[in-house]
Amino acid sequence: MTYVPSKEYEINPQTMALLAKQGEGGQIYTEVIERGEHLEVPRCPSEVIDNSCRYFASSLEGRIAGTKQLTSYTHKPPIVISEAMGIYFFPIISPKRKDCSWIAHKYIRSYKGEPNKTTTVNFVNGMSVNLPVSDGMFANQVQRTAHLRVILEDRYQPASVSSDNRAEWIAETFS
């Protein structure tokens with residue numbers, strides 16, 4: 001694992017998860033999982049999220065407010081970090097908590113509830129992590145993030161493609 005001493009990590013299209021970890025002295029740091037590597041950043045995951053939102057001209061607070069406006073989700077709202085790059089993340093617990101981990105929506109291949117009320121998430125690159133949340137809560141976060149993506153992607157569709165045409169296109173069968 002690579003240690004990033006700088007506090008300047010920005011989420012990018014390769015970022016799959018930001019996992020909250022507790023150091024020996026009790027401080028929270030972030031294990032960043034990217035498609036090809038792992039990094040450690042000496043900040044809590046929500047700070048990394050906030051810095052990345054600011055890099056893309058917003059803030060975590062602004063992104064949460066935007067999600068609430070679009071979806072009415074008031075608890076653990078998913079956020080878009082960059083619309084242009086399709087980077088959507090969701091928290092597994094309250095984003096106000098320092099130990100809140102964040103997952104990138106597009107990299108989830110599957111997930112499975114475990115007997116100890118945790119959830120194992122399998123990513124598209126074959127890697128997996130176990131998270132301290134139920135599979136029902138995780139499924140809800142995945143669905144809410146998908147809902148946010150659909151709302152925003154519909155808004156960014158070119159004017160030449162109407163909503164009705166797009167709906168027909170999505171419903172096409174592949175035979």
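Strand S2 (15-22) and strand S10 (128-131) each supply at least two residues to the lining of the second largest pocket. This is a predicted model, and that pocket holds about 150 Å³ of space. Besides the pockets, the tour below takes in helix H3 (residues 135-155), a set of aromatic contacts and two residues with positive phi, Ser72 and Lys117.

**The two largest pockets**

- The lining of the second largest pocket includes Leu19, Ala20 and Lys21, along with Val129, Asn130 and Leu131.
- Also on its list of lining residues are Ile92, Ile93, Arg97, Asp99, Ser101 and Pro132.
- Sorted by class, the lining of the second largest pocket comes out as seven nonpolar, two polar and three charged residues.
- The largest pocket has a volume of about 290 Å³.
- Leu60, Glu61, Ile64, Ala65 and Lys68 help to line the largest pocket, and so do Thr74, His75, Lys76 and Pro77; Ser94, Pro95 and Lys96 complete the lining.
- Five nonpolar, three polar and four charged residues make up the lining of the largest pocket.

**Helix H3 and its surroundings**

- Helix H3 covers residues 135-155, 21 residues in total, and spans 30 Å from its first C-alpha to its last, close to the 30 Å expected at 1.5 Å a residue.
- Buried residues of H3 include Met137, Phe138, Gln141, Val142 and Arg144.
- Further along H3, Thr145, Leu148, Arg149, Ile151 and Leu152 are buried as well.
- One of these, Val142, has its C-alpha 9.5 Å from that of Ala104, although the two residues are 38 apart along the chain.
- Ala104 belongs to strand S7 (residues 102-104), and with a relative accessible area of 3% it is buried, because the cut-off is under 20%.
- Arg144, buried in H3, lies over the face of Tyr73, 4.2 Å from the ring centre.

**Aromatic contacts**

- How many aromatic pairs does the model hold? The count comes to three.
- In one of them, the ring centres of Tyr55 and Phe56 are 5.1 Å apart and the planes stand at 90°, so this pair is edge-to-face.
- Is Tyr55 buried or exposed? Tyr55 counts as exposed because its relative accessibility is 55%, and the cut-off is over 50%.
- Its partner Phe56 has a relative accessible area of 23%, so Phe56 is partly exposed.
- Elsewhere, ring pairs join Phe90, Tyr111 and Phe138 into a cluster; Phe138 is also among the buried residues of H3.

**Loop residues with positive phi**

- Which loop holds Ser72? Ser72 sits between helix H2 (60-71) and strand S5 (79-82).
- Ser72 is not a glycine, yet its phi is positive, at about 70°.
- With 58% relative accessibility, Ser72 counts as exposed.
- Lys117 is found in the loop that runs between strand S8 (108-113) and strand S9 (119-123).
- Lys117 likewise has a positive phi, about 65°, although it is not a glycine.
- The relative accessible area of Lys117 is 65%, so this residue is exposed.

Conventions: Residues are numbered from 1 along each chain as its sequence is written. This is a predicted model: local features need pLDDT of at least 70, side-chain atom pairs count only at pLDDT 80 or more; totals for chains, interfaces and linings use all residues. Side-chain values use heavy atoms; hydrogens and water are left out. Helices (H or I, at least four residues) and strands (E, at least two) are DSSP runs, numbered from the N terminus. The expected span of a helix is 1.5 Å times one less than its number of residues. Buried means under 20% relative accessible area, exposed over 50%, partly exposed in between (1.4 Å probe, protein chains only). Rings of Phe, Tyr and Trp (its six-membered ring) pair if their centres lie within 6.5 Å; planes under 30 degrees apart count as stacked, over 60 as edge-to-face and the rest as tilted. A charge sits over a ring if NZ of Lys or CZ of Arg is within 6 Å of the ring centre and within 35 degrees of the ring normal. On a 1 Å grid over the protein atoms alone, a cavity is a set of points where a 1.4 Å probe fits but cannot get out, and a pocket is an open set with protein on both sides within 12 Å along at least five of seven lines; lining residues have an atom within 4 Å of a point. Grid points are joined across faces, edges and corners, and a volume is the space filled by probe spheres set on the points. Ala, Val, Leu, Ile, Met, Phe, Trp, Tyr, Cys and Pro count as nonpolar, Asp, Glu, Lys and Arg as charged, and the others, Gly among them, as polar.
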